[in-house]
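Work through the exercises below with the sequence and the model side by side. Each task is followed by a worked solution.

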Amino acid sequence: GIILTKVNDDYNGAEGQDGVVLAVNKNDTLIIIENGQDVWSSTDSGISWTKISGDFNGGGGNVFGIAVDNLNNLYTIDNQADVWKSTNSGVNWSLVKDDYNAGNPNNPTDMTSNSSGALFILDVQDVWKSDDSGVTWALVNDDFNGAGDSESGIVLYSARDDSIYIIDGGEDVFRSTDSGVTF
């Protein structure tokens with residue numbers, strides 16, 4: 001990150017939508033989902049881009065996280081608390097869970113997957129986990145940063161050793177070594 005080179009100055013041309021999430025799958029394909037729910041792909045390190053899906057969730061709202069599992073499937077979470085899955089690098093999507101958090105307020109901020117394919121969603125201060133490709137979800141932690149700290153989580157990341165990291169709005173970094181149960 002010391003030297004950065006611009007490889008493309010307008011990936012979507014005249015469309016004018018902003019990319020809100022970016023993933024890199026195991027084939028080094030870059031995938032962007034925009035706030036208009038269009039999906040773009042690059043197979044040449046971001047030099048050229050192709051729209052591969054338009055409004056993938058049928059107007060279901062903006063996405064707030066994207067993850068690639070151990071089988072190279074893509075998952076995303078939208079502002080309707082819906083979990084979507086693509087098995088073909090973002091071309092086609094299917095709804096795998098309608099309302100993952102069972103009617104709780106919908107505030108997802110990020111998503112990740114660990115080496116075994118478990119999926120995690122960060123929702124304000126809650127951490128949700130799915131061990132079955134997003135079909136069922138369990139709340140594994142309802143206050144990752146502890147009593148007295150009201151900062152919401154912003155970034156969720158799973159490291160190679162399966163530690164889960166969260167950065168909150170107070171610039172604090174939290175680590176879990178037990179799949180998000182404790183931080």
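Is D38 buried or exposed? D38 counts as buried, at 10% relative accessibility; buried means under 20% relative accessible area, exposed over 50%, and partly exposed in between, with a 1.4 Å probe and protein chains only.

Before going on, note that this is a predicted model, in which local features need pLDDT of at least 70 and side-chain atom pairs count only at pLDDT 80 or more, while totals for chains, interfaces and linings use all residues. Residues are numbered from 1 along each chain as its sequence is written, and side-chain values use heavy atoms, with hydrogens and water left out.

**Exercise 1. Trace the salt bridges of K51.**

Step 1. A salt bridge is a side-chain nitrogen of Lys or Arg within 4 Å of a carboxyl oxygen of Asp or Glu. A search of the whole structure finds 4 of them.

Step 2. K51 pairs with E15 at 2.9 Å, N to O. K51 lies in strand β4 (residues 50-53) and E15 in the segment before β1, so this pair ties together parts 36 residues apart in sequence. Strands are DSSP runs (E, at least two residues), numbered from the N terminus.

Step 3. K51 also meets D38, at 3.4 Å, N to O. Because D38 lies in the loop between β2 and β3 (39-42), this pair ties together parts that are 13 residues apart in sequence.

Step 4. Compare accessibility: K51 is partly exposed at 34%, and E15 is partly exposed at 36%.

**Exercise 2. Describe the pair K129 and D131, then state which residues form a network.**

Step 1. The closest N and O atoms of K129 and D131 are 3.6 Å apart, in a salt bridge.

Step 2. K129 is buried, with a relative accessible area of 18%, whereas D131 is exposed, at 61%.

Step 3. Shared partners join E15, D38 and K51 into one network of salt bridges.

**Exercise 3. Locate the largest nonpolar core.**

Step 1. A nonpolar core is a set of buried Ala, Val, Leu, Ile, Met, Phe, Trp, Tyr and Cys residues joined through side-chain atoms within 4.5 Å.

Step 2. The largest one has 12 residues, including V21, I31, F56, L74 and W93. Elements giving two or more residues to this core are β1, β2 (30-34) and β5. The largest share, 3 residues, comes from β5.

Step 3. Another core lies apart from it, with 11 residues, among them I77, Y100, I121 and W128.

Methods:
Helix = DSSP H or I, 4+ residues; strand = E, 2+ residues; numbered from the N terminus.
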